[in-house]
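Reader: Please take a close look at the enclosed space in this model, and then follow the surrounding features as far as they connect. I would like one continuous account, with the residues named.

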Amino acid sequence: MAGIRGTSYEVQLYQQDHWVIDSRFDDEAEARAYGKRIISGGKIEGFRVVRDWMRPDGRHVETQICEEFRATSNTITIAPIDEAPTACQTAGQTYSVESRMVMNRLLRGYVERMVVTPTEIMHNYQELKRLLDKDNLVPMAVGRVAALQAEGSGKDSRSRRDELYGFVNEITERARRASAREDLPQIGRTGFGPAFEALAAKETPEDRDFFARVALSRDLVQMRNWLAKLDFLSELVREDGGLKDEPLTLVDGVMADVLGAPSVAQELLGTQRNLAEALCNLIDLSCGRLDATHRTEEDRALHLSELLAYNALDETRLVIIDLVRRQLKSAQPLHRNDASAERDAFDRVLTRAVSPDGVVGGGGMAEALVQRYMRFLEAGGATGRRQAITDVCNRLTDPKDRVRFLLALSQSELGQMHAEDILGALQALTGEPSAVSRFVDRAQPIKNNLEQLTKLFVHVNESQAPDPLRRQIAENLDTLLCAYIVNSRVVERLDNPNDILRHRANRLIQLCAPGTLRSRKALDMVRQHVVNHLRQPNFERRYVEDIVDPAMQAKLLRDFFKLLGDAGFR
């Protein structure tokens with residue numbers, strides 16, 4: 001069939017547990033023929049052809065027009081992983097989001113085929129027993145995790161494996177006992193909030209949370225469709241104007257499991273032109289700022305983005321960001337079929353990941369960006385890493401973003417290896433008072449520049465970056481703030497002698513208000529001007545000398561002294 005203008009045909013291949021875009025054609029017959037030729041080679045499990053039609057308004061409409069699988073073995077194996085979280089010391093710690101993320105990756109073939117989350121497996125005895133009885137999956141998974149966690153820990157993998165089997169037995173027994181509970185609330189009928197309150201009235205906090213997840217899993221195991229699970233959980237988050245506190249945290253954990261399933265992100269986002277576009281959209285999704293252009297009002301990804309924007313879905317956000325991090329570290333190209341566009345694609349991901357709030361995903365994301373960039377370099381090892389750190393920094397045009405990136409990188413394993421290089425780069429950026437010109441935009445109002453510099457100072461000062469790096473760079477930024485205040489004559493502008501004293505004093509004290517100037521040196525500079533005003537003779541009389549009404553005078557003085565107290569003056 002000849003291609004219709006604005007229409008293309010994607011051939012997607014099924015690899016292990018998810019669909020991967022392979023090729024795009026303008027002709028349907030060519031796409032079908034290509035798919036049949038690929039599957040006949042015996043190296044892939046299946047293919048499908050998806051028609052992509054662009055409407056006149058720019059929106060894309062996708063329709064699957066054919067799908068074909070070859071006969072494959074029913075055996076499921078564990079997926080290869082090269083990292084596992086810090087070793088759990090108790091069975092209870094295996095319920096953590098980090099452990100469930102590893103389960104999702106290790107058992108992705110099983111998870112995808114059965115459409116079941118790690119939470120459901122660990123809290124529903126029938127599902128757990130089904131997994132334990134499936135081939136040799138659990139022994140292989142336990143062995144792989146034990147080997148990874150034993151590396152560098154001083155333990156041999158056999159003793160760690162025995163500990164993990166002990167945890168599996170405890171989890172199994174706990175799930176078995178829970179399966180006999182007939183008094184657990186039915187969330188589909190009552191809603192999650194009332195169910196949680198009913199459990200809280202008769203259980204300890206630990207058992208309350210466990211049985212709430214058991215009750216939740218009983219509903220979820222009936223849904224053998226990822227998007228149905230996501231819809232159900234999303235409605236629970238919105239329940240009665242929005243869940244809060246512990247109930248929200250519990251639902252968030254299960255939603256994170258759903259987002260951790262291999263095919264869900266792709267189903268949510270739809271067809272992406274390349275990996276870079278997918279990663280940018282995932283970063284935006286995690287921050288609750290997914291672009292609504294070319295998406296309908298019913299789009300699930302937009303609904304999830306809205307939930308992430310207005311709710312503390314920390315585990316869901318963590319899983320999405322971890323997916324981005326692992327894809328950056330993979331060998332898959334950012335821009336398919338055009339190697340010359342790789343660096344531009346990298347820049348798009350880099351600028352999306354670094355924001356005024358820091359690097360999305362922190363040290364792990366910063367490290368992944370450096371490792372991805374090393375693919376562009378000939379040098380490897382320490383030399384290549386050092387060059388990649390320098391080059392990635394230089395690709396960020398705003399020096400404030402460079403500070404944020406280096407600060408995040410210092411909190412990663414790679415950053416610890418190059419601590420001296422990172423400190424040197426940060427010192428070069430911030431170490432001289434004259435460097436203030438790099439960090440301010442002369443076209444912006446002084447207030448905006450002050451706020452941005454202060455925000456950067458606070459970000460550094462309150463970060464988890466290692467000392468002495470954190471203290472040193474915070475001190476440098478403190479000095480830069482003072483230099484900007486002096487060079488821009490900020491205090492002189494606020495304390496104009498031609499203005500009424502009350503207005504001058506109020507402007508200065510507002511600059512000293514909590515959260516306005518967080519820099520110690522800069523704050524001390526402004527506070528001294530306030531003190532000088534307070535010490536002048538007859539300050540109170542002069543403060544209200546333009547006001548005739550005694551009652552208004554008294555009120556203005558009370559308000560001023562309240563501002564003084566709020567600003568820390570005693």
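Author: The largest cavity in this predicted model has a volume of about 460 Å³, and of the 22 residues that line it, Thr94, Met103, Val142, Val145 and Val168 are the closest to its centre. At least two residues of this lining come from each of four helices, namely α2 (97-106), α5 (125-132), α6 (137-150) and α7 (157-179). By class, the lining of the largest cavity consists of 18 nonpolar residues, three polar ones and one charged.

The structure holds two cavities of 30 Å³ or more, and the second largest encloses about 30 Å³ of space. Its lining is made up of Ala505, Leu508, Val530, His533, Leu534, Phe539 and Phe560, with α27 (501-511) and α28 (520-535) as the elements that give two or more residues. Of these, α28 gives the most to the lining of the second largest cavity, with three residues, and the class count there is six nonpolar, one polar and no charged.

Two of the phenylalanines in that lining, Phe539 and Phe560, also belong to a cluster in which ring pairs link Phe539, Tyr543, Phe560 and Phe561. Within this cluster, Phe560 and Phe561 form an edge-to-face pair, with 5.7 Å centre to centre and 70° between the planes. The two partners are not equally accessible, because Phe560 is buried at a relative accessible area of 1%, whereas Phe561, at 36%, counts as partly exposed.

The structure holds eleven aromatic pairs, and another of them is formed by Phe346 and Phe376, which meet edge-to-face at 6.0 Å centre to centre with 90° between the planes. Phe346 lies in helix α17 (residues 342-353) and Phe376 in the loop between α18 and α19 (381-394), so this pair ties together parts that are 30 residues apart in sequence. Both rings belong to buried residues, with a relative accessible area of 0% for Phe346 and 19% for Phe376, the latter falling under the 20% cut-off for burial.

From enclosed space one can turn to an open site: the second largest pocket holds about 730 Å³ of space and is lined by 23 residues, of which Glu83, Ala84, Asp322, Arg325 and Lys329 lie nearest its centre. The helices α2, α16, α18 (362-373) and α21 (413-417) each supply at least two residues of this lining, so that α2 takes part in the linings of both the largest cavity and the second largest pocket. The lining of the second largest pocket has eight nonpolar, seven polar and eight charged residues.

The largest contribution to this pocket comes from α16, with five residues. Helix α16 (residues 314-329) has 16 residues and reaches 23 Å from its first C-alpha to its last, close to the 22 Å expected at 1.5 Å a residue. Its buried residues are Thr316, Val319, Ile320, Ile321, Asp322, Leu323, Val324, Arg325 and Leu328, and Asp322 and Arg325 are also among the residues nearest the centre of the second largest pocket.

As for covalent cross-links, a search of the whole structure finds zero disulfides. The sulfur of Cys287 is 11 Å from the closest cysteine sulfur, in Cys280, which is too far for a bond, and Cys287 is partly exposed, with a relative accessible area of 32%. Cys393 is likewise in no disulfide, its nearest cysteine sulfur, again that of Cys280, being 19 Å away, but Cys393 counts as buried at 7% relative accessibility.

Conventions: Residues are numbered from 1 along each chain as its sequence is written. This is a predicted model: local features need pLDDT of at least 70, side-chain atom pairs count only at pLDDT 80 or more; totals for chains, interfaces and linings use all residues. Side-chain values use heavy atoms; hydrogens and water are left out. On a 1 Å grid over the protein atoms alone, a cavity is a set of points where a 1.4 Å probe fits but cannot get out, and a pocket is an open set with protein on both sides within 12 Å along at least five of seven lines; lining residues have an atom within 4 Å of a point. Grid points are joined across faces, edges and corners, and a volume is the space filled by probe spheres set on the points. Ala, Val, Leu, Ile, Met, Phe, Trp, Tyr, Cys and Pro count as nonpolar, Asp, Glu, Lys and Arg as charged, and the others, Gly among them, as polar. A disulfide is a pair of cysteine sulfur atoms within 2.5 Å. Buried means under 20% relative accessible area, exposed over 50%, partly exposed in between (1.4 Å probe, protein chains only). The expected span of a helix is 1.5 Å times one less than its number of residues. Rings of Phe, Tyr and Trp (its six-membered ring) pair if their centres lie within 6.5 Å; planes under 30 degrees apart count as stacked, over 60 as edge-to-face and the rest as tilted.
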